[in-house]
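Hello,

Here is the structure I promised to hand over. Have a look at it first, and my notes follow below.

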Amino acid sequence: MTNAADTAAGEPPLLAVAGTVIHTPERGVIEILEDAVVTVGEDGRIERVIESDDPAQEATIEAAAAGGRLTLLRAGQYLLPGLVDLHVHAPQWPQIGKALHLPLEQWLANCTFPLEARYADLEFAARSYSGLVDALLANGTTTALYFGSVHLGATKLLADLCHAKGQRALVGKVVMDDPTLCPDYYRDASATIAVAETEMFIEHVQRLAGPEGRVRPVITPRFIPACTNDALEELGRLARQTGLHVQTHCSESDWEHDFVRHRLGATDTRSLEAFGLLGRRTILAHSNFICDDDMDAIGGCGAGIGHCPLSNAYFSNAVFPLAQALEKKLHVGLGTDISGGPDASIFSACRHAIAASRMLADGVDARIAPDKRGRPGAAIDFAEAFWLATAGGGIALDLPIGVIAPGFAFDAMVIDTTVPDADLTLWPDLDEPEDVLQRIVYGAARANVRRVWVDGATVVDKDAGLDWT
Ligand SMILES: Nc1nc2[nH]cnc2c(=O)[nH]1
């Protein structure tokens, strides 16, 4: 990706990683750079990707090795961009793998709000959030977009922990102030207090990490049914004034979609737009019931969608029209939706996204004739799924992440296809080069993620005792 002429020796890099790079810089495009060297500058950004036939490689490797800054991948290890999770409910971590038998509205009222209310206790919050951030990093999630709870204190703690552990994180104090839906024991006391605490949270995070830092505050109305119009209007004003990210749930299930249409006479998307909450840095979780007009509104302002295929299977009554959204050039990435999705891995989300798209394409009810059963053209493949999990998530967030190329942040991971206690096995005598990515997308587990960097800093090294050079 660079010419010999570009590679005159300069300052030694912060880091150089030598090995085979696999990424998907564009939707459906797999790029494999065998035996490349990726150099990273002091700012944590990728400086150069030097291919194997470039004479500058040797000197770069020697300089990095001399400075103790070289990481050399072994046979069977691959350098991939880190994963981006566009939808995580941090306080629901202790509920992962439980309570998925209920419809959304009962799950919220009977299980989720009582659990989230416990985050008034900062000791409980610290225990839960610390385990969650460690687990996501160990799964290769270098960037996470988090809903906190309604509590200012616990949500500050979540931001502090992400900062301390080095994860790229966008974190929101949840706003939910409408007594019609939110119980007395778990809601903002008023719209005014909810907005004031959101402002305090923004100040805290920007003091912690800087205005465009690795940890950023997000304006977070939980979803329209939980918020008064006053709160939504004020949060819209704040979004316009600050230019910060916004996250919320959008047209998730029959119940939720109909609730908003009855209350406001418009879809979630058009209502959010009217409140000033739909913009380039808005991420809409789910969005399963969006219509063509909603897609036009989302595409028109460049907002993003966090597609959560596993949680949709439990709560959403429908499959998100992913391929249609991509054809319309909407910005889409993947989310686990912990704990509506009982799986912390974005590799799993890739697999669920592929499976859901196939079911939408073919249809699911065998009693319906094949030509009427599905929605032709709705399927995506593994390369598109991996693009959603990396570059697609980065585009949705408007951040330079998800691609191994100069100018992007060095948020990356080593996938080891040789670890013994895992089911990911390559068959070099049977495989085409692109099959490596296919096998990783379908087979990678937490144990295969050996090392993780964010902004060039090592945040996970499961083989810390081993020599990487
Ligand atoms: N899946 C999901 N949907 C929601 N809608 C409002 N809150 C939630 C939540 O916590 N999870």
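I'll start at the ligand, where helix 2 supplies the largest share of the surrounding shell, with 3 residues. Please keep in mind throughout that this is a predicted model.

**Around the ligand**

The complete shell consists of H89, L104, L108, T112, R222, F223, H249, E252, S311, F315, D337 and G340. Two elements give two or more residues to it, namely helix 2 (104-117) and helix 10 (309-315). By class, the shell residues comprise 4 nonpolar, 5 polar and 3 charged.

Helix 2 deserves a second look. The buried residues in this helix are L104, L108, T112, F113, L115 and E116. Three of those names, L104, L108 and T112, also appear in the ligand shell. An α-helix has 3.6 residues a turn, so residues three or four places apart point the same way. The buried residues of helix 2 pack against helix 7 (254-264) and helix 10. The helix is also bent, by about 35 degrees at C111, with a proline, P114, following within four residues.

**Unusual backbone geometry**

Most residues other than glycine have a negative phi, and most peptide bonds are trans. Three places in this model depart from that pattern, and you may want to check them in your own viewer.

- D337, one of the shell residues, has a phi near 55 degrees, which is positive although the residue is not glycine. D337 sits in the loop between strand 14 and helix 12. It counts as buried because 31 other C-beta atoms lie within 10 Å, and the cut-off for that is 20 or more.
- I338 and S339 are joined by a cis peptide bond, with omega about 0 degrees. S339 belongs to the loop between strand 14 and helix 12 (346-362).
- D35, in strand 2 (residues 29-40), is not a glycine either, yet has a positive phi of about 50 degrees. D35 has 14 other C-beta atoms within 10 Å, so it is classed as partly exposed.

**The two domains**

How is the protein divided? The assignment gives domain 1 (4-81 + 403-461) and domain 2 (90-397). Their C-alpha centres are 30 Å apart. The contact between them involves 23 residues from domain 1 and 24 residues from domain 2. On the domain 1 side, at least two residues each come from strand 1 (15-26), helix 15 (435-443), strand 16 (449-454) and strand 17 (457-461). Helix 15 provides the largest share of that side, 4 residues. The domain 1 side has 15 nonpolar, 4 polar and 4 charged residues.

On the annotation front, UniProt has an unreviewed entry that lists residues 78-459 as "domain: Amidohydrolase-related". Over residues 78-459 the chain is 43% helix and 17% strand, and the C-alpha atoms at the two ends are 17 Å apart.

**Three buried positions**

I also looked at the surroundings of a few individual residues.

G333 is in strand 14 (residues 331-334). It is buried because 30 other C-beta atoms lie within 10 Å. Leaving out residues up to four places away in sequence, G333 touches V84, L86, G304, G306, L388, G392, G393 and A396. G333 and D294 are 39 residues apart in sequence, with their C-alpha atoms 17 Å apart.

A353 belongs to helix 12. A353 counts as buried because it has 26 C-beta neighbours inside 10 Å. Its contacts, again without neighbours within four places in sequence, are H307, P309, L322, L334, I380, A385 and L388. One of these, L322, is 31 residues away in sequence and 8.5 Å away from C-alpha to C-alpha.

V133 lies in helix 3 (residues 122-138). With 26 C-beta neighbours inside 10 Å, V133 is therefore buried too. V133 touches L161, C162, K165 and Q167, not counting residues up to four places away in sequence. The C-alpha atoms of V133 and L158 are 8.7 Å apart, with the two positions 25 residues apart in sequence numbering.

If you only have a few minutes, I would open the loop with D337 and the cis bond between I338 and S339, then turn to the bend at C111 in helix 2.

Best wishes, and happy exploring!

How values were computed: Residues are numbered from 1 along each chain as its sequence is written. This is a predicted model: local features need pLDDT of at least 70, side-chain atom pairs count only at pLDDT 80 or more; totals for chains, interfaces and linings use all residues. A residue is near a molecule or strand if its C-beta atom, placed from the backbone, lies within 6 Å of it. Ala, Val, Leu, Ile, Met, Phe, Trp, Tyr, Cys and Pro count as nonpolar, Asp, Glu, Lys and Arg as charged, and the others, Gly among them, as polar. The bend at a residue is the angle between axes fitted to the seven residues ending there and the seven starting there. A residue is buried if 20 or more other C-beta atoms lie within 10 Å of its own, exposed if 12 or fewer, and partly exposed in between; C-beta atoms are placed from the backbone. Two residues are in contact if their C-beta atoms, placed from the backbone, lie within 7 Å. UniProt positions are given in the numbering used here, feature names are shortened, and annotations may be inferred rather than shown by experiment. Domain bounds come from an automatic or database domain assignment.
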